Amino acid sequence: MAENQEPRIGVFICHCGTNIAGSLSVEEVKDYAMTLSGVIVADEYQYMCSTPGQNKIMDAIKEHDLNGIVVAACSPRLHEPTFRTATEVGGLNKFRFEMANIRDQNSWVHMHDWDGATAKAKDQVRIAVAKAKLLEDLQPKSVPVEHAAMVVGAGVGGMQAALDLANAGIKTYLVEKDPTIGGRMSQLDKTFPTLDCSQCILTPKMVDAGRHPNIILKTYTEVENVEGYIGNFEITLRKKARGTRDPEEMLAAGIEGSGCNGCGDCAEVCPVIKPNPFEMGMAPRKAIYIYHPQVMPLQYTIDFESCVKCGLCAEICGPEKNAVDLNMVDELEKVKVGCVILATGYDLIPIEEKNEWGYKRHENVITGLEFERLICASGPTGGHLIRPSDGATPMKVGFVLCAGSRDNTGGVAKPYCSRFCCMYSLKHAHQIMEKIPGAVPYIFYMDIRSFGKMYEEFYYRIQHEGAKFIRGRVAEILEDPATKNLIVKTEDTLLGRPVSIECNMVVLAAAIQPKPDAEPIRQMFGISKSQDGWYLEAHPKLNPCGTTTAGIFLAGVCQGPKDIPDTVAQAEGAASAASIPIHQGEVQLEPYFAQCMEDLCAGCGMCVTQCPYGALALIEKDGRQVMEVTEAKCKGCGTCGGFCPGGAIRMQHFTSQQIVAQIDAFLLNPLGGEE
Amino acid sequence: MSDGEWKPKIIAIICNWCSYAGADLAGGARIQYPPDIRAIRVMCTGRVDPLFILKAFQDGADGVLVSGCHFGDCHYLEGNYKCAKRMFLLKNVLKNIGLNDNRLRMTFVSASEGAKWGMVMEDVVKTVKELGPSPLAEKKN
């Protein structure tokens, strides 16, 4: 233990190429480190994280019999694991390592202040050495991992992730809040650039997901509560009252009858008519409904908000099926899983709030998703593209790209690129030229971003097919009240002059945003979001599927705008990442547990009330009350330790002595040397 | 940097998940701010014992910043609420011992708010510079 040992610290300073060495004097910091008490060796290297850099640490541990390592480099959030491994391979306990963040929190933020940055780096090293001198051997705690996973959201990303996990032999709960799986992709007509029918490639996947023996499909179900940690998440699901039961549920509930077989007799007699959200409100559905014929599971759902409980559906369903239950209520269920993948998808922004384009004011201005339904053979018009005002076939169709994307004007507009709108607008242009002889698409664009494999080639193809491209952000769309035609006003920035083009119909490539329920889900699972509300990955480049909460992974657009191939690829990545701890069967947790120093504990129990995890309890010991920690529940936040009035709680790796030593090192001893 | 200009000594205790990540993001985005603050990383602001802050002031700190996750976003559910409560009480203690309580600041900076971290740094340094050296620091010298 450190207390009984003379500190023998090695300090290693990284140049990070010129990232650090270009903004402060590494040499000066190294010389300064040697003046600090307890420092036996100080060294510097161009890239400490490289193999030769790590070797320097390992060699120095042996050569100088070190018992503490300080690396001054980037952020511990990036390379603490790297250097801990080097420390361990070098023969020391890996928790005898401390990092000074002289890049992300120094050289990069003080690039033009050489002296200031150098002085700060010296302080950072001194602070790190002060902690390193008090570090001690710790043993990571192994916890078993539940051999099951959960995927939240059953769009194409969620389904792919669930199928991959299931095929890897892992029991997987696929949770979807809608009555069917399939997500946004099932609303699309064709997919770019191959132009294959979206349903044709998606529905087999839906069937696979629905039938897979390892997938437990939970449709019309929401996440209600999350407890636990990697390996041992305990998740409460709310199975919303669906109003019907499938055959399995009938058996389980011991109710006579064969259950819902999707015959649809009920919907025929239902008197309540509501817009179908799947058809973007352009087709009706009944209060008892399915979105479309390919839904999985093929089971009717009652929208109890609009149901008038007339009972006609139950009557026609009859005693043989007996599937309808108008008095059904929500049910809660708890499941245990080792890892979770979030794939909650996206919504279009409320584009009507961008007044200038007149969506919802001008009848013939529609969104890209509405276009998908209108051009789809199984859509509300049977695939006949007609304009909403009069059912006429539009011969001139304007496509407004970046409708709210790459737009810093605030409100509903989004500063980012929504990434797939260029490509689907090109596809839409192709589709109208293909379906309507003589029709002309006008594409109003700022840039065309055809970034994927065979995408640029697709762009050329649409150009050659005769689409008209006008570069400029559309300023305004006016409606001719007599014809309901639309006058699109913009500047052609290539010609440098204003243009206005009369179109029969306009399609807005609206920006996308996270779903409204992304926020409560994020908070329940304890992950961060980026500025725009998309779920935040653990590292944008090196860990794009992971989050900072161990055991929670991301797939698809919930992490940021993506097209189908990227979504599927990330889903496969997330499934692979999630399956690793599950197959290993156990994970190691950082042992930052609270410990009770019983001789100091007065048994007041204040800490017990502070702990958010119920990890602390008072027990009777030698005739008095003392606190006891249940390590399996303790997550190491230290809230108890920050509160204990007697200073009786010791937070491993973040002890009060270590923290005070850091404070003292900065404030009391600016010149180094003996303390 | 002009020579001879008084440089405040400010210590920041920041949580691993939000503010430390936000500070890293400020680095990634090369957001420039004054180099007068030294950060100490803890897992959660809930770990911050008021005694750490009193010790810092006793040592002569001109300012102390505690920064964590936004309310509702704490990696450990509610450590930031508990810290905020303590800081509120601690500010009263500071007032009672005759120290301007603006020398202690609590902020909430998320992992995606690199720009905000830069602004917090500017603002904290400005506030403390306006307050001048801590009377406790002056006593020590």
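**Exercise 1. Aromatic pairs**

How many aromatic pairs does the structure hold over all chains? Classify the pair of B:Phe71 and B:Tyr81, and place both residues in the fold.

*Solution.* The model is predicted.
1. Over all chains, the total is 16 aromatic pairs.
2. For B:Phe71 and B:Tyr81, the ring centres are 4.5 Å apart and the planes make 15°. Planes under 30 degrees apart count as stacked. The pair of B:Phe71 and B:Tyr81 is therefore stacked.
3. B:Phe71 sits in the loop between β3 (63-68) and α3 (79-96) of chain B, while B:Tyr81 belongs to helix α3, so the pair ties together parts 10 residues apart in sequence.
4. Partly exposed means a relative accessible area between 20% and 50%. B:Phe71 has 41% and is partly exposed. B:Tyr81, at 40%, is partly exposed too.

**Exercise 2. Clusters and charges**

Which residues form one aromatic cluster with A:Tyr445? Then find a charged end over the ring of A:Tyr346, and a lysine over the face of A:Phe666.

*Solution.*
1. The cluster joins A:Tyr445 with A:Tyr459, A:Tyr460 and A:Phe469.
2. Over the ring of A:Tyr346 sits the charged end of A:Arg184, 5.4 Å from the ring centre.
3. Over the face of A:Phe666 lies B:Lys9, a residue of chain B, at 5.3 Å from the ring centre.

**Exercise 3. An open parallel sheet**

Give the strand order of the open sheet of 5 strands in chain A. Which strands stand at its edges? Which helix packs on the sheet?

*Solution.*
1. The order is β20-β27-β21-β22-β23, with parallel pairing.
2. β20 (365-367) and β23 (468-471) of chain A are the edge strands; each has a single partner, so one side of each lacks a neighbour in the sheet.
3. Neighbouring strands are turned by 25° against each other on average, direction ignored.
4. Take one pairing inside the sheet. β21 (residues 396-403) and β27 (residues 505-510) of chain A run parallel and are joined by 5 bridges. In this pairing A:Val400 stands opposite A:Leu508.
5. Helix α11 (residues 368-375) of chain A packs on the sheet and touches β20, β21 and β27. The direction of α11 makes about 90° with that of β20(A).

**Exercise 4. Nonpolar cores**

How many residues has the largest nonpolar core, and which have the most contacts inside it? Follow A:Ile443 to its contacts beyond four places in sequence.

*Solution.*
1. The largest core has 100 residues. Those with the most contacts inside it are A:Ile341, A:Ile443, A:Ile477 and A:Leu508.
2. Its largest share, 8 residues, comes from helix α12 (residues 421-435) of chain A.
3. Leaving aside neighbours within four places, A:Ile443 contacts residues including A:Phe399, A:Leu401, A:Leu426, A:Ala429 and A:Phe469.
4. Another core, of 57 residues, lies apart from the largest one; among its members are A:Leu138, A:Ala648, A:Ile663 and B:Ala61.

**Exercise 5. Two hairpins**

Which residues in the turns of hairpins β25-β26 and β32-β33 of chain A have a positive phi?

*Solution.*
1. β25 (residues 486-492) and β26 (residues 497-503) of chain A pair antiparallel over 7 bridges. A:Thr490 stands opposite A:Val499.
2. This hairpin has 4 residues between its strands, and A:Gly496 in the turn has a positive phi of about 70°.
3. β32 (residues 616-621) and β33 (residues 624-629) of chain A run antiparallel, joined by 6 bridges. A:Ala617 stands opposite A:Glu628.
4. Between β32(A) and β33(A) there are 2 residues, and A:Asp622 in the turn has a positive phi of about 45°.

Definitions and conventions:
Residues numbered from 1 in each chain as written. Chains lettered and ligands numbered in written order. Predicted model: local features only at pLDDT ≥ 70, side-chain atom pairs only at ≥ 80, totals over all residues. Heavy atoms only, no water. Phe/Tyr/Trp six-rings, centres within 6.5 Å; stacked < 30°, edge-to-face > 60°. Buried < 20%, exposed > 50% of the residue type's maximum accessible area, 1.4 Å probe, protein only. Lys NZ or Arg CZ within 6 Å of the ring centre and 35° of its normal. Pairing = 2+ DSSP bridges. Axes fitted to C-alpha atoms, helices over the stretch in contact; angles between N-to-C directions. Contact = heavy atoms within 4.5 Å. Core = buried A, V, L, I, M, F, W, Y, C linked by side-chain atoms within 4.5 Å.
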